[in-house]
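Grab a coffee and work through a few short exercises on the model shown below. Try each task yourself before you read the solution.

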Amino acid sequence: MTTHEAGWAHAEGALKGPVWLREPTDVNALVPSLWSTTAHKDEHGQLRVGGLAVADVVANVNTPAFLLDEEDFRARARAFRDAFAGWTVFYAAKAFLCTAVARWVAEEGLSLDVASDGELTVALRAGFDPARIGYHGNNKTVTELRRAVDLGVGRIIVDSFAEIERLAMVAADIGLADDSAGRAVQVMVRVTPGVEAHTHEYIATAHEDQKFGFSITGGDAFEAARRVLAAPGLELLGLHSHIGSQIFDSSGFEVAARRVLALHARISDELGVTPPEMDLGGGFGIAYTTVDDPSDPSQLVTEMGKIVEHECAALGIPEPRLSIEPGRAIVGPAMCTVYTVGTVKQVALDGGARRTYVSVDGGMSDNIRTALYGADYSCTLASRRSAAPPMLARVVGKHCEAGDIVVKDEFLPADLEAGDLLAVPGTGAYCRSMASNYNHALRPPVIAVRDGASRVVVRRETVDDLLATDVGVE
Ligand code: LLP
């Protein structure tokens with residue numbers, strides 16, 4: 001046996017998948033933990049979501065298309081809200097936002113974390129209460145800060161000394177520096193607690209050498225809190241830490257909470273002000289493949305709550321009001337992407353094995369995560385039942401790039417052919433929101449499905465949309 005690449009092996013010319021990928025006994029079966037709660041297959045092997053056959057939904061809108069299971073989204077939002085009762089749950093808009101989703105978030109009683117003026121604009125268009133919005137970003141301009149403050153955004157999470165100055169200037173400009181009613185801009189200080197989160201380097205954010213936040217160990221975080229407290233017109237709401245994304249156990253949160261609370265206590269001791277809140281960020285992981293085993297929100301909250309309670313008791317300080325910012329764990333499992341199979345091709349590898357490449361009508365323009373983070377996904381034949389044996393396949397997009405892979409390894413029926421529909425679960429977070437027009441692809445629509453009805457909440461881009469910004473030829 002020769003190993004050709006990490007996790008791969010060829011045995012006597014036969015291609016084997018990564019060690020964790022098991023050949024299924026029934027290639028038509030769904031693994032429920034990877035799908036939204038209403039997803040299942042009927043007796044004809046047709047995938048159904050929200051009470052509708054996926055094939056019927058896409059018959060009207062074409063593929064690729066994102067299907068958003070509204071009931072599942074709302075249920076996950078509620079589960080966080082209920083598990084974290086007494087805490088504030090901010091849905092992280094960057095994972096996916098459109099006006100319909102902003103409304104669902106509001107209706108389910110969650111607050112909203114935005115990280116750009118664009119996200120803020122979508123939220124406002126949906127009628128989201130600005131007081132329930134937290135505004136993030138490491139490079140907000142004076143104009144953006146001014147707009148947020150003018151609109152009454154509930155909290156601004158500052159990320160640099162320059163931003164504290166800009167925000168103080170904005171506050172002074174609109175008369176908050178000596179406001180007779182005591183109104184002030186509510187500020188959280190984003191800190192880096194120096195935790196090595198067990199996740200991809202590009203989505204880990206609490207170690208020291210990256211662009212976000214103020215270092216606790218280097219003293220910048222304390223200094224930032226001091227400057228906010230000293231700035232007329234700014235009020236220190238608390239400290240904020242986000243250790244990264246796609247995190248499965250509470251140990252990283254535990255270390256972060258301990259370090260942030262120690263700073264919180266120091267601020268209280270040395271600066272004489274006890275900030276009322278603390279935010280532990282988002283990052284709760286979801287299952288993309290059978291390897292992933294995420295904790296449910298209630299288990300996490302119990303663990304995180306205990307950590308905070310214990311630390312506060314040890315430090316002899318009152319517990320701050322807590323907030324969190326889940327994005328992926330709410331919208332990730334609620335969506336799947338539906339593609340149409342085009343070319344199916346066998347490629348000869350060294351050692352005599354052959355790999356089957358299944359090309360679909362989307363790719364890295366609607367899901368960059370495989371190329372960018374080496375993310376693993378799974379998929380299933382969504383339009384029919386197959387009696388064929390499983391074949392190990394790689395699902396690729398239609399873009400001009402060899403790294404344009406949608407699903408690295410999956411067992412699919414050996415009779416897969418052009419025209420079949422494939423569905424990829426777990427694509428709600430950071431897929432449509434990170435979609436691009438690479439190769440002038442038209443970004444796919446998002447179709448909400450619920451109780452047997454479908455509704456386009458984001459339409460497919462058109463060639464006219466693409467050409468609208470191209471003003472080079474009269
Ligand atoms: N709060 C803050 C301050 C954040 O920066 C993030 C994500 C979240 C909350 C939400 O994290 P979540 O619960 O969704 O993991 N594009 C990457 C993820 C980048 C996350 C950026 N910040 C990916 O596709 O995995």
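## Exercise 1: the core

This is a predicted model, and its largest nonpolar core has 109 residues, with Phe73, Tyr91, Phe96, Val101, Leu112 and Leu234 making the most contacts inside it.

**Task.** Work out which helix gives the most to this core, and where the core lies relative to domain 1 and domain 2.

**Solution.**
- Step 1: go for helix 8, residues 251-271, which gives the most to this core, with eight residues.
- Step 2: check the domains. Domain 1 (6-62 + 334-468) and domain 2 (70-331) both give residues to this core, so the core lies between them.
- Step 3: put that in context. In soluble globular proteins, nonpolar side chains tend to be buried together.

## Exercise 2: the ligand

**Task.** Find which residues come nearest to the ligand, then describe the shell around the ligand by class.

**Solution.**
- Step 1: there are 20 residues around the ligand, and Ser245, Glu325, Arg369, Tyr373 and Tyr430 come nearest.
- Step 2: sort the shell by class, and you get seven nonpolar, seven polar and six charged residues.
- Step 3: look at the oxygen atoms of the ligand. A polar side-chain atom of tyrosine 430 sits 2.7 Å from a ligand oxygen. From the backbone, an N or O atom of arginine 328 lies 2.8 Å from an oxygen of the ligand, and for a backbone N or O atom of glycine 327 the distance to a ligand oxygen is 3.0 Å.
- Step 4: now the cover. On its own the ligand has 590 Å² of accessible area, and the protein covers 92% of that.
- Step 5: place the ligand. Since domain 1 (6-62 + 334-468) and domain 2 (70-331) both give residues to the shell, the ligand lies between them.

## Exercise 3: two loop residues

**Task.** Are asparagine 367 and histidine 399 buried or exposed?

**Solution.**
- Step 1: locate them. Asparagine 367 is in the loop between strand 17 (354-360) and helix 11 (369-373), while histidine 399 is in the loop between strand 19 (390-396) and strand 20 (405-413).
- Step 2: apply the cut-off, where buried means under 20% relative accessible area. Asparagine 367, at 1% relative accessibility, counts as buried. Histidine 399 has a relative accessible area of 9%, so histidine 399 is buried too.
- Step 3: see what asparagine 367 has beside its side chain. A polar atom of that side chain lies 3.0 Å from the backbone nitrogen of arginine 369.
- Step 4: try a distance. Histidine 399 and aspartate 150 are 249 residues apart in sequence, and their C-alpha atoms are 43 Å apart in space.

Note on methods. Residues are numbered from 1 along each chain as its sequence is written. This is a predicted model: local features need pLDDT of at least 70, side-chain atom pairs count only at pLDDT 80 or more; totals for chains, interfaces and linings use all residues. Side-chain values use heavy atoms; hydrogens and water are left out. A residue is near a molecule or strand if one of its heavy atoms lies within 4 Å of it. A polar contact is a pair of N or O atoms within 3.5 Å; within protein, one must be able to donate a hydrogen and the other to accept it, and residues adjacent in sequence count only if both atoms are side-chain atoms. Accessible areas come from the Shrake-Rupley method with a 1.4 Å probe; for residues, only the protein chains shown count as cover. Ala, Val, Leu, Ile, Met, Phe, Trp, Tyr, Cys and Pro count as nonpolar, Asp, Glu, Lys and Arg as charged, and the others, Gly among them, as polar. Domain bounds come from an automatic or database domain assignment. A nonpolar core is a set of buried Ala, Val, Leu, Ile, Met, Phe, Trp, Tyr and Cys residues joined through side-chain atoms within 4.5 Å. Buried means under 20% relative accessible area, exposed over 50%, partly exposed in between (1.4 Å probe, protein chains only). Helices (H or I, at least four residues) and strands (E, at least two) are DSSP runs, numbered from the N terminus.
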